[in-house]
Amino acid sequence: MRVLILGGDGYLGWPTAIYLSRKGHDVAVVDNYFRRLACHQLDAEPLIPVPNLNQRARLWNEKTGLTIQVAIGDICDYVFLCKCFTGEAFGIKEEWIPEAIVHYAEQPSAPYSMMDHEKAIFTIQNNLLGTANIIHAVNKFNPDCHIIKLGTMGVYGTPNIDIEEGYLDVEYKGRKHTFLYPKTPGSLYHLTKAQDGDLLYFYARMWNIRVSDLNQGPVYGLVTDESKHDEKLITIFNYDDIFGTVLNRFLVQAVIGHPLTVYGKGGQTRGYIDIRDTIACIELALLNPAQAGEYRVFNQITETFSVKELANKIVEAARDLGLTVKIKAIKNPRKEAEKHYYNPKYSGLKDLGLTPHLLTQDKLKTMLEFVSRHQSLIHKRYIMPRVTWG
Ligand SMILES: NC(=O)c1ccc[n+]([C@@H]2O[C@H](COP(=O)([O-])OP(=O)(O)OC[C@H]3O[C@@H](n4cnc5c(N)ncnc54)[C@H](O)[C@@H]3O)[C@@H](O)[C@H]2O)c1
């Protein structure tokens with residue numbers, strides 16, 4: 001399949017690209033280096049420097065004899081995006097129209113979106129304009145093209161009822177209707193993910209486009225089968241307060257002997273997923289596309305933990321490696337429930353064939369060992385949160 005990966009330089013984009021390339025798909029990646037620039041600007045560098053996208057693709061292509069095409073540019077620039085739909089942006093002479101799009105190209109950080117006016121407006125413009133451009137380009141060049149967009153479980157918030165996969169059946173005054181599941185996002189970033197979903201749902205109904213929205217939880221892990229023998233192919237690992245996800249942050253804290261920074265009571269429960277399962281879910285969505293006019297939603301997680309439970313797992317794994325790790329509750333910089341009901345449904349992707357890799361002690365130990373090998377590169381100043389919600 002011809003697959004266009006938008007955001008192909010990112011944490012998820014690059015491992016997805018090399019996986020799909022190895023599986024024989026014709027892969028092209030696009031990125032504008034927003035993430036790298038933001039990391040420089042905010043002093044939030046990844047643990048290990050990674051080669052740029054052109055260098056990584058060249059490395060992969062030379063190593064495997066396969067071809068990943070690269071274009072550097074902004075998907076909010078519609079003229080540029082249209083060139084990605086014809087092949088021109090990649091310098092491909094014959095027509096190259098994607099059959100599927102994996103849309104990762106958004107500003108993905110909640111703290112970034114809550115930092116100040118400039119970053120709030122950027123997040124809104126980037127995430128919504130980019131998604132609207134994709135929809136228009138699909139309609140113009142190939143209305144049959146399947147859009148796989150990464151959403152987030154954070155759009156649902158923490159309602160006091162079960163979270164269904166995307167839709168909710170409502171019975172009201174004797175009549176029944178199925179609505180999109182109500183959204184209660186907890187940051188501006190999460191709000192834009194709810195709104196980009198609304199855009200896609202709207203155009204699926206208006207223009208019959210095919211959409212899969214994968215509401216994902218925080219992803220962990222960095223090494224995949226394609227990168228395990230070459231560190232230059234490993235994806236970015238951020239552990240700072242802006243782009244680092246909770247598990248990555250705790251791993252680094254454990255390795256340098258900093259108490260694990262649990263926000264508030266630590267009862268915030270979320271769904272998590274291994275990066276290998278994220279990629280498997282993308283492939284499953286790709287091979288089982290949504291119908292024309294269908295806005296399909298999957299909850300892309302494999303298990304749930306509270307922040308406190310996660311911290312305890314890391315303490316245990318670290319102990320086996322001879323590290324003594326403490327947990328310290330710190331003032332929660334976010335506005336969120338610290339103890340709540342949480343029962344999300346996530347059977348759709350398993351029904352399509354997903355076999356989850358769960359967060360075992362062995363997996364945690366492997367990640368701790370990886371971070372330990374690069375301990376000299378860790379910056380302690382990245383540990384404490386800088387951004388508050390209110
Ligand atoms: N990583 C997670 O734990 C997680 C969890 C839930 C949802 N998601 C979603 O998955 C997607 C990818 O997340 P990630 O962790 O890989 O983030 P990332 O920041 O590493 O990757 C996104 C990539 O898109 C690029 N990009 C952003 N705006 C762009 C634009 N206008 N034009 C071209 N490129 C652009 C960035 O430079 C970056 O390389 C995001 O949409 C995010 O909301 C991620």
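Is Cys-76 buried, exposed or partly exposed? With 22% relative accessibility, Cys-76 falls in the partly exposed class. Keep in mind as we go that this is a predicted model.

Let's stay with the cysteines for a moment. Cys-82 has 12% relative accessibility and therefore counts as buried, since the buried class covers anything under 20%. How far is the sulfur of Cys-82 from the closest cysteine sulfur? That neighbour is in Cys-84, at 8.8 Å, which is too far for a bond. Cys-76 also has its closest cysteine sulfur in Cys-84, and here the separation is 12 Å, so a bond is ruled out by distance. A disulfide would need the two sulfur atoms to lie within 2.5 Å. By that rule, the structure has 0 disulfides.

Now let's turn to the empty space inside. Searching the whole structure for cavities of 30 Å³ or more turns up 1. The largest cavity has a volume of about 70 Å³.

Which residues line the largest cavity? Going along the chain, you can pick out Lys-149, Gly-151, Val-155, Tyr-156, Gly-166 and Leu-180, then Lys-183, Lys-193, Asp-213, Asn-215, Tyr-295 and Val-297. Three strands are worth displaying alongside them: β5 (146–152), β8 (210–216) and β12 (295–300) each contribute at least two residues to this lining.

The chemistry of the wall is mixed, with 5 nonpolar, 3 polar and 4 charged residues in the lining. Among the lining residues you can colour are Lys-149, Lys-183, Lys-193 and Asp-213, and these belong to the charged class.

Key: Residues numbered from 1 in each chain as written. Predicted model: local features only at pLDDT ≥ 70, side-chain atom pairs only at ≥ 80, totals over all residues. Heavy atoms only, no water. 1 Å grid on protein atoms, 1.4 Å probe; cavity = no way out; pocket = protein on both sides within 12 Å on 5 of 7 lines; lining within 4 Å. Points joined across faces, edges and corners; volume = space filled by probe spheres on them. Helix = DSSP H or I, 4+ residues; strand = E, 2+ residues; numbered from the N terminus. Buried < 20%, exposed > 50% of the residue type's maximum accessible area, 1.4 Å probe, protein only.
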